[in-house]
Amino acid sequence: VPTPGVTKEGRKMGDCRDCVVVFDPLGEVGAATIRALFSKEKIPEFRPRVRTLVQDPECKAAKALEEMGVVLYHGDMTDAKAVEKVMDGADAMVLLTTSLKFKQGTNLDPKKAKWVRGLQVEQARTVIRSAIKNELQIVVYMSVVGTEYVLEKYKSAEMYNKKWNRSIIYGEKLIIEDMVKASGMMWTIIQTPMVMELLASANQGITKKGKFPSAYKRTASVGLISCEDIGKLAKMALYNPDDWDKQYFTPMTDKLTPIEQCEILAQARGEIGLWDVTCTPRPLLFMMKPHWARTLDTAEEIFEKVDHGAAIRATKKVLPEAVNLREWYQKKGLLGNMDWTEPSCVVS
């Protein structure tokens, strides 16, 4: 477990992390990471210059980043020239990749995005090539929970990707992890489980009182973490790269079934018996979004087979203020007398 707040002798501020590039800044995790880098709450003495790449610099979310002090570059992660510009002179990066391709004029609405096979690998390959060329020293890669389990079971990313029932998303994450580890940079791979923010997002979260949507099966025990806490961990890894180098870290504060997640909300709101979990039947999901269904199958197998008690303890040791689900509900104000039928109640 990394030691928080400890700097190795001989390493000075600004040696290799004075300028940080954060990719996918408008996603939940990317945005939270940027907020953490600018926050005085965690490691207040570490305030690197932050750059990012955005497809639409004029959109509301991009303007908000600019007002925070983020330097915006126009382009996407598959555009080698745009990536080269944002990486020139940078010291470190937080790498997030996505399978969603957004069209101009859709305001980056996930419901209007197209899922593209191989896009994550293409993004990572373009970015890592540029990072090596520009001699970046550190990469923090946001992967997905359980890739170590998949590697142990199938021996390599290549072997796993030959399986007919593989998850394309897990397969791509494994390829990218290999690229990160072979880059020559100091690396940390953060294996994110389900993020709590999805429970209250306009895209997949609660939009109606009494209905608790879940992509996972009702009885599947699922690991949870807040995006804000992921961002803090990324900041710690950038600040203290010696202790975080060549480490996998699975951030997790709770492991609960959708039924338990729903019960916590209902109990805290004094609405026991008024909430129920709603799930898309998996066979139907296989017909509509087979890549997503296989990813859920893989994640559920991982959550079932792996004891994540050590991950929960490690998270609390490294980040004592990390919130569990009940605390997150409270922090977000979701436990008051909120009328979920009002669109303004949905946290985006």
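# Q&A on a predicted model

Me: At what relative accessibility does Glu 66 count as partly exposed?
Reply: The structure here is a predicted model, so the number is computed from predicted coordinates. Partly exposed covers whatever falls between the buried limit of under 20% and the exposed limit of over 50%. Glu 66 lands in that range, as its relative accessibility is 41%.

Me: Which residue forms a salt bridge with Glu 66?
Reply: The cut-off is a Lys or Arg side-chain nitrogen within 4 Å of a carboxyl oxygen. Here the closest N and O atoms are 3.7 Å apart, so the pair makes the cut. The partner sits in helix α2 (residues 60–68) too, three residues from Glu 66, and that separates the two by about one helical turn. The partner is partly exposed, with a relative accessible area of 33%, and it is Lys 63.

Me: How many residues apart in sequence are the parts tied together by the salt bridge of Asp 276 and Arg 218?
Reply: These two side chains meet at 3.4 Å, N to O. Asp 276 belongs to strand β14 (residues 276–279), while Arg 218 is in the loop between β10 and β11, so the pair ties together parts of the chain with a sequence separation of 58 residues.

Me: Which of the two, Asp 276 or Arg 218, has a relative accessible area of 35%?
Reply: Both ends of this salt bridge are partly exposed. Asp 276 has a relative accessible area of 39%, so the 35% belongs to Arg 218.

Me: How many salt bridges does the count come to?
Reply: Lys 246 and Asp 245 form one of them, with the closest N and O atoms 3.2 Å apart, and Lys 246 is exposed at 55% relative accessible area. There is also a network of salt bridges that links Glu 41, Asp 229 and Lys 232. The count comes to 14.

Me: Is Glu 197 buried or exposed?
Reply: Glu 197 is in the loop between β9 (194–195) and β10 (211–214). Its side chain makes a polar contact with the side chain of Ser 226 at 3.2 Å, and one of its polar atoms lies 2.9 Å from the backbone nitrogen of Cys 227. With a relative accessible area of 7%, and the limit set at under 20%, Glu 197 counts as buried.

Me: In what order do the three strands form the open sheet?
Reply: Two bridges join β9 to β11, and those strands run parallel. Three bridges join β11 to β13 (residues 254–256), and that pair runs antiparallel. The pairing is therefore mixed, and β9 and β13 stand at the edges with a single partner strand each, so one side of each has no neighbour in the sheet. The order is β9-β11-β13.

Me: Which residues point the other way from Val 222 and Leu 224 in strand β11?
Reply: In a regular strand, side chains alternate between the two faces of the sheet. Strand β11 spans residues 222–225, and all of them are buried. Leu 224 stands opposite Met 194, while the bridge partner of Lys 255 in β13 is Gly 223. The residues pointing the other way from Val 222 and Leu 224 are Gly 223 and Ile 225.

Me: How many aromatic pairs does the count come to?
Reply: Ring centres have to lie within 6.5 Å for a pair to be counted. By that rule, the count is six.

Me: Is the pair of Trp 187 and Tyr 248 edge-to-face or stacked?
Reply: The two ring centres are 5.8 Å apart. Trp 187 lies in strand β8 (residues 186–192) and Tyr 248 in strand β12 (residues 247–249), so the pair ties together parts that are 61 residues apart in sequence. Trp 187 is buried, with a relative accessible area of 7%. The planes meet at 75°, and since over 60 degrees is the requirement, the pair is edge-to-face.

Me: At what angle are the ring planes of Trp 328 and Tyr 329?
Reply: Their ring centres are 6.0 Å apart, and the pair is tilted. Trp 328 is buried at 2% relative accessibility, and Tyr 329 is buried at 0%. The tilted class takes planes that are neither under 30 degrees nor over 60, and this pair has its planes at 55°.

Me: Which residues make the nonpolar surface patch of about 350 Å²?
Reply: One of them lies in helix α11 (residues 282–288) and counts as exposed at 69% relative accessibility: Met 287. The patch is made by Met 287 together with Leu 284 and Met 288.

Key. Residues are numbered from 1 along each chain as its sequence is written. This is a predicted model: local features need pLDDT of at least 70, side-chain atom pairs count only at pLDDT 80 or more; totals for chains, interfaces and linings use all residues. Side-chain values use heavy atoms; hydrogens and water are left out. Patches are made of residues with over 30% relative accessible area and no salt bridge: like charges are joined within 9 Å, nonpolar side chains (Val, Leu, Ile, Met, Phe, Trp, Tyr) within 5 Å. Accessible areas come from the Shrake-Rupley method with a 1.4 Å probe; for residues, only the protein chains shown count as cover. Helices (H or I, at least four residues) and strands (E, at least two) are DSSP runs, numbered from the N terminus. Buried means under 20% relative accessible area, exposed over 50%, partly exposed in between (1.4 Å probe, protein chains only). A polar contact is a pair of N or O atoms within 3.5 Å; within protein, one must be able to donate a hydrogen and the other to accept it, and residues adjacent in sequence count only if both atoms are side-chain atoms.
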